[in-house]
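Visitor: Could you take me closely through one helix and its ends, and then set that part beside the other features of the model that deserve a careful reading?

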Amino acid sequence: MGRERDRKVKYLSLAVEYCTGIREKFHDGTMESQVLLEGIRDMRAFVPDLREILEFSEYVSQREVFDTFHDMCGVCQEQDFLETNLTVFLSMLDLFIHSLEKVLAGCENKRRCSCCGREVMYSPLSGWYFEMQKRYGAQVHWDETLNKEEYLCPVCGSSDRDRMIISFLQKAGLCEAEEHAKVLQIAPAATIETWIQTCCPHVDYESTDLYMDGVTFGSDIMDMNMVEGETYDLVICSHVLEHVKDDRKAMRELKRILKPQGLLVFLVPISLDMEDIDEEWGLSEAENWRRFGQGDHCRRYGKSGLMRRLEEEGFYVNALGKEYFGEEVFEKLALTDTSTLYVLTKDQKVKLDLRWEYTVDDKLLEDGPLVSVILPAYNHEAFVAEAIESVLNQTYQNIELIVADDGSTDRTVEIMKRYAEHFAGEFYFPDNAGRRDQELKRKTTGKYIALASSDDFWEPEKLALQVDYLEKHEEVAACFSWGRYIDENKKELDEQVFIQKNRSRYEWMKLFWQFGNVLCHPSILIRREEYIRLNAVGNACRQLPDFYMWLELVQHAEIYVIPKVLVKMTRFCHDTNENTSAYTEDNILRSLVESGAVWDLVIRNMEDSYFVRTFREYMRNPEAKEEVEIICEKFFLLLESAQWRIQEAGIRYFLEMYEDERVRECFTKQYSFSVKDFWEIMTKKGRP
C-alpha cells in the first residue's frame, strides 16, 4: 500500500509541476504557439494515465474535470481553434491543476471509511441539494451532524452519519453480540445493512419501511402492530422522524418494540441555531423546502426541543460526540466537531455495550474433561513462543499439550524446548514431512482434541467456551470459532472469510461448494473419536488438508461455530519464508489443483440422499432419486462449477461412469445428453 501511494504521489506531483510550468510560461509570454501545442498533447496523455494509476474512487471524485480537460485538449490541438478559445482553455487548465492538487492532497492524507474499510477521499454533498434550497428560498441553518464538504464515500456510498453509526456499532461490540441478537433498521441505509450482514452474520437482522422494496417487512413507524413488544436488542432509526406525521407516536412505538436492555441508535437533522421544534404536516413541497430544508420533511428540530420530547416519551438520552469516539475517529470519518450520535435507552443504567457476556461454570474450568492440544511447528522461531503461551494461558487448564517439530532449520526447536516442562509429549523429527498432526492424534488421551499452529494465537477463553458448548450439545461433533488473519507485525487484515453464521450440515456443504473453505483450522475443538475416525485421504494436500476434513465431517455430523474471534492466524510472505496462508502464485495454483481433486473425491463418494438434500437447487431434475440419476446429477454439478479444475473432475467422472450401460441410457433418455454433447463440452470446459 505504501509503495503504491508513493507512486501515485510522485506521478501527480510531476503532473502538477508540468502543467503549472506551462501555465506560468504562457502568462510570462515566453511560450511559442507550437510549443504550447506540444504541451497540450502531453497534458492530454495525463488523463488516460490517471485512469490507470488512480483508484476508482480517486478518479471519480474529479472525473468530470479530468474528462472535460481531456476532450478540450483534443480540440485545442488545432492552432486556429486554440487561438480563438485560448481564454477558455487556460481556465480549464487552471481547473485541471486544481483537481490534480486536490487528488494529490487526498493521496497524501486519505481516510479509511468505517463502512467499506477502503482508503478514500470523501465527496461533497450533492449540488442538487443546494440548488433546490436556493430555488425555494430555504432557510439556512447550522446542522449538528453534516459535513457538506466530505459527505459521501465514493466507494460504498455511506454518508457521514452512516459512518458514525457503524463506528458506534463497532465500539459497542455488535460483532461480539450474542448469537441471534435481534436487530432492526428502519428505512435502512444500504451501507449499514451490508456492514451488519457481512461483519455480524450471527445476529438476526431485519429491516422495515413503509415504501421501500427489499425490506424484511413493510410497516408504518407510527404503528408497527405486527411486531411484539420488547422484541429488539438494537434498533437503528436514522433520519426518519422528520418525515412522519406524528413523531411522538413513532417514539412510543420505538420504545415499545425495544427490549428493556436494548439500544436505540437515533438521528434526526438538528439545527444548532434554533431551540425548539418547528413542525407542520400537510404543507406543499415548496413550503417544506423553504421551512424545513427538504421537500419531504415536515419538521425541523432544535436540540433543546428534541431532547425535551424524547425525555417526555420516556427515553434516557446518551449524546455521543467527539469525547466518546475520539479525535482520531472523527478525523478518519470526516465528522464535523459538533457531530453527535444519540443512543436512547429505557433506563439510565443500561450499558452502551452489545457484547455477549458469556459465563462458564467454575466447576467446568476446574474439573472439566481432558483436552489434548496438538501443536506442530516448522520454521516459526518468530511466533512459536507466543503460540505455545496462548495455549498455556487458557482459562481452561485441564490440557495435555503435545508438540512436534517438523525438521525446522531455524531456532524453533530451541525455543520450544524452553517450555518442555509443560508438554505431555514432544517429538522432534529430523525431516520435513508435513501433516504431523495426523501422526500425533493417536498419542492423545483427551476427550477432545484441539489443533493449534505454531504461527497462530488463541484468545484465553477459547477452550473454555468450546468445551462448555460441546459438553452441553452431545449431537455436535466439533466446535470452531471465528478467526481473523493478521500479518507478521500483528496488524489485523481486513478479511471476513472466517466470520460465518451457524448452519445445518447440509447448508455448510453448500456453502463450501459456493465459497470454498470458510472455517478457521486452528480454531477447531473436536471429539477425539470423531477425529480419529476421519479419513486421511486429504493428508497429501498442502493447501487444503483441513478443507477435506470439513467436507468429510459435515456429511455425517453437525458442527458449531462460536461467534467470537478466538483465533488470530498469521499470514506472511517474505524473501526467506512464507506460510500456506500467503497469497503467492504457488499457493494459489496448488489450491486450485487440490480443490479439483478434493471435490472429485467428495462428490463421487457422497451418499445419495445427502447429495440430493444438499444440492437439490442445482440439480437438473430436483426429483431425481435413483442411483443412476444421481450419478448423472453429480456429473452435471461438477461440470457447471466455476472452477476449471472441478470441471476437469466432472469430465473424468463422466468418462468413468459412461462405461456403465445403465448410466448411458439414463443420460440419453432422462437428460437428453449424448456422447456428442459431451464431445462438444470438452472443447469449452476444463481449461482456464
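Guide: Directly after helix H7 comes Gly137, a residue whose phi is positive, near 65 degrees. This is a predicted model, and the description that follows should be read in that light. At the other end of the helix, Ser126 caps the N-terminal end of H7, with a side-chain oxygen placed 3.2 Å from the backbone nitrogen of Trp128.

Between these two ends, H7 spans residues 127-136, and Tyr129, Met132 and Gln133 are buried within it. Those three cover an arc of only 100 degrees around the axis, which means that they sit on the same side of H7. Helix H11 (285-292) is what the buried residues of H7 pack against, whereas the face turned away from that buried side carries Glu131, Lys134 and Arg135, which are exposed.

The approach to the helix can be followed a little further back, since Ser123 has its place in the loop between strand S2 (119-120) and H7. Ser123 counts as buried because its relative accessibility is 15%, below the 20% that marks the limit for a buried residue. Leaving aside residues up to four places away in sequence, Ser123 touches Glu149, Glu150, Tyr151, Leu152 and Pro154.

The positive phi of Gly137 invites a look at residues other than glycine with a positive phi, and two histidines can be described here. His180 is not a glycine, yet its phi is positive at about 70 degrees; this histidine lies in the loop that runs between helix H8 (160-172) and strand S3 (182-186). His239, likewise a residue other than glycine, has a positive phi near 55 degrees, and its loop is the one between strand S6 (232-238) and helix H10 (247-257). With a relative accessible area of 19%, His239 is buried.

Elsewhere in the model there is an open sheet of eight strands with mixed pairing, and its order is S15-S14-S13-S16-S19-S18-S20-S17. Its edge strands, S15 (423-429) and S17 (456-458), each pair on one side only, and from one strand to the next the twist averages 25 degrees. Within this sheet, strand S13 (residues 371-377) and strand S16 (residues 448-451) pair in the parallel sense over four bridges, and Ser372 has Ile449 in S16 as its bridge partner. Helix H16 (residues 384-392) lies across S13, strand S14 (399-406), S15 and S17, and runs at about 20 degrees to S17.

The cysteines complete the account. A disulfide is a covalent bond between the sulfur atoms of two cysteines, and with a limit of 2.5 Å between the sulfur atoms the count comes to zero disulfides. Cys19 is in no disulfide, the nearest cysteine sulfur being that of Cys73 at 8.2 Å, and Cys19 counts as buried at 0% relative accessibility. For Cys298 the closest cysteine sulfur is in Cys237, and because the two sulfurs are 13 Å apart, they are too far from each other for a bond. Cys298 too counts as buried, in this case at 4% relative accessibility.

Technical notes. Residues numbered from 1 in each chain as written. Predicted model: local features only at pLDDT ≥ 70, side-chain atom pairs only at ≥ 80, totals over all residues. Heavy atoms only, no water. Buried < 20%, exposed > 50% of the residue type's maximum accessible area, 1.4 Å probe, protein only. Arc of directions from axis to C-beta. Contact = heavy atoms within 4.5 Å. Polar contact = N/O pair within 3.5 Å; in protein donor to acceptor, adjacent residues only side chain to side chain. Pairing = 2+ DSSP bridges. Axes fitted to C-alpha atoms, helices over the stretch in contact; angles between N-to-C directions.
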